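Here's a quick walk through one protein model, sheet first and side chains after. Keep the viewer open as you read.

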Amino acid sequence: MNNRSLPTYFFRGLLFAVPVALTVYILLVCIRWLDNLIDISVPGLGLLTILASLTLIGYLASTLLAAPLFRLLEEVLTRLPLVNIIYSSLKDLISAFVGDKKKFDRPVLVALSDDLSIRKPGFITQDNLEKLGLHDQVAVYLPHSYNFSGNLFIVPSQHVTPIKASSTEIMKFIVSGGVSGLEEHLGGISHEEV
């Protein structure tokens, strides 16, 4: 073993150990936080109680007897002035990722210049904006890299090109700053186009 290989081994170890350690740490912090939401002295029982409760609520919401009660509660929440904004925003955000009404399921490239030299990946969230008086326009959410935020843009539909790749792959590609997520291809788009 020579002196030149020591830094190489160090950086290989760093590339392996840091992502694994941070992933485990973040998962443990999240699990502990969820576990502590319910004050039970047995470790893990709070988390199990939350998971069981959410599953039970989901089951009850789909039964014929309890479904009207859930609809009534939802109707009350949507009629209260300030509560309506918070509740509907959170419900829409959660349903954008899970459930039957997923919104981040249509990845696209948005042309930021007329000559298509600059494009940004994102997701169509609304393809019909007629209610806003906007014809041939779509709503596209453009996430930020290394962040869990983004911006919503209204763009002409002809500036949007669908990407032939999974939503998960594209989101990983965007959030990582283009470093990961598309190991084999860029969703059916040739390298000359990119």
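Which residue in β2 is the bridge partner of Pro107? Phe123 is the bridge partner of Pro107.

## What you're looking at

This is a predicted model, so local features need pLDDT of at least 70 and side-chain atom pairs count only at pLDDT 80 or more, while totals for chains, interfaces and linings use all residues. Residues are numbered from 1 along each chain as its sequence is written, and side-chain values use heavy atoms, with hydrogens and water left out.

## The sheet

Five strands make an open sheet in the order β4-β3-β2-β1-β5, with antiparallel pairing. At the edges sit β4 (150-156) and β5 (160-162), each pairing on one side only. Neighbouring strands are turned by 45° against each other on average, ignoring direction. (Axes behind that angle are lines fitted to C-alpha atoms, for helices over the stretch in contact, and angles run from 0 to 180 degrees between N-to-C directions.) As for the labels, helices (H or I, at least four residues) and strands (E, at least two) are DSSP runs numbered from the N terminus, and two strands pair if DSSP finds at least two bridges between them.

Back to Phe123: besides Pro107, Phe123 has a bridge partner in β3, namely Tyr141. Ile124 stands opposite Val140 in β3. Count the bridges and you get five between β1 and β2, and three between β2 and β3; both pairings are antiparallel.

## Salt bridges

A search of the whole structure turns up three salt bridges, meaning a side-chain nitrogen of Lys or Arg within 4 Å of a carboxyl oxygen of Asp or Glu. In one, Lys91 meets Glu74, with the closest N and O atoms 2.0 Å apart. That pair links distant parts of the chain, 17 residues apart: Lys91 sits in helix α4 (residues 81-97) and Glu74 in helix α3 (residues 67-79). Lys91 is partly exposed at 38% relative accessible area, and Glu74 is also partly exposed, at 25%. (Buried means under 20% relative accessible area, exposed over 50%, and partly exposed in between, with a 1.4 Å probe and protein chains only.)

Another salt bridge stays inside helix α3, where Arg79 and Glu75 lie four residues apart, about one turn of the helix. Their N to O distance is 3.0 Å. Arg79 is exposed at 65%, and Glu75 is partly exposed at 39%.

Then there's Arg106 with Asp127, again 3.0 Å from N to O. This pair joins the loop between α4 and β1 (107-111), home of Arg106, to the loop between β2 (119-126) and β3 (137-143), home of Asp127; the two are 21 residues apart. Arg106 is partly exposed at 34%, as is Asp127 at 48%.

## Aromatics and a nonpolar patch

The whole structure yields one aromatic pair. The rings of Phe10 and Phe11 have centres 5.3 Å apart and planes at 70°, so they're edge-to-face. (Rings of Phe, Tyr and Trp, its six-membered ring, pair if their centres lie within 6.5 Å; planes under 30 degrees apart are stacked, over 60 edge-to-face, and the rest tilted.) Phe10 is exposed at 51%, and Phe11 is partly exposed at 49%.

Both rings also belong to a nonpolar surface patch with Leu14, Val18, Leu22, Tyr25, Ile26 and Val29, together about 770 Å² of accessible area. Ile26 is in helix α1 (residues 5-37). Patches take residues with over 30% relative accessible area and no salt bridge, joining like charges within 9 Å and nonpolar side chains (Val, Leu, Ile, Met, Phe, Trp, Tyr) within 5 Å. Accessible areas come from the Shrake-Rupley method with a 1.4 Å probe; for residues, only the protein chains shown count as cover.
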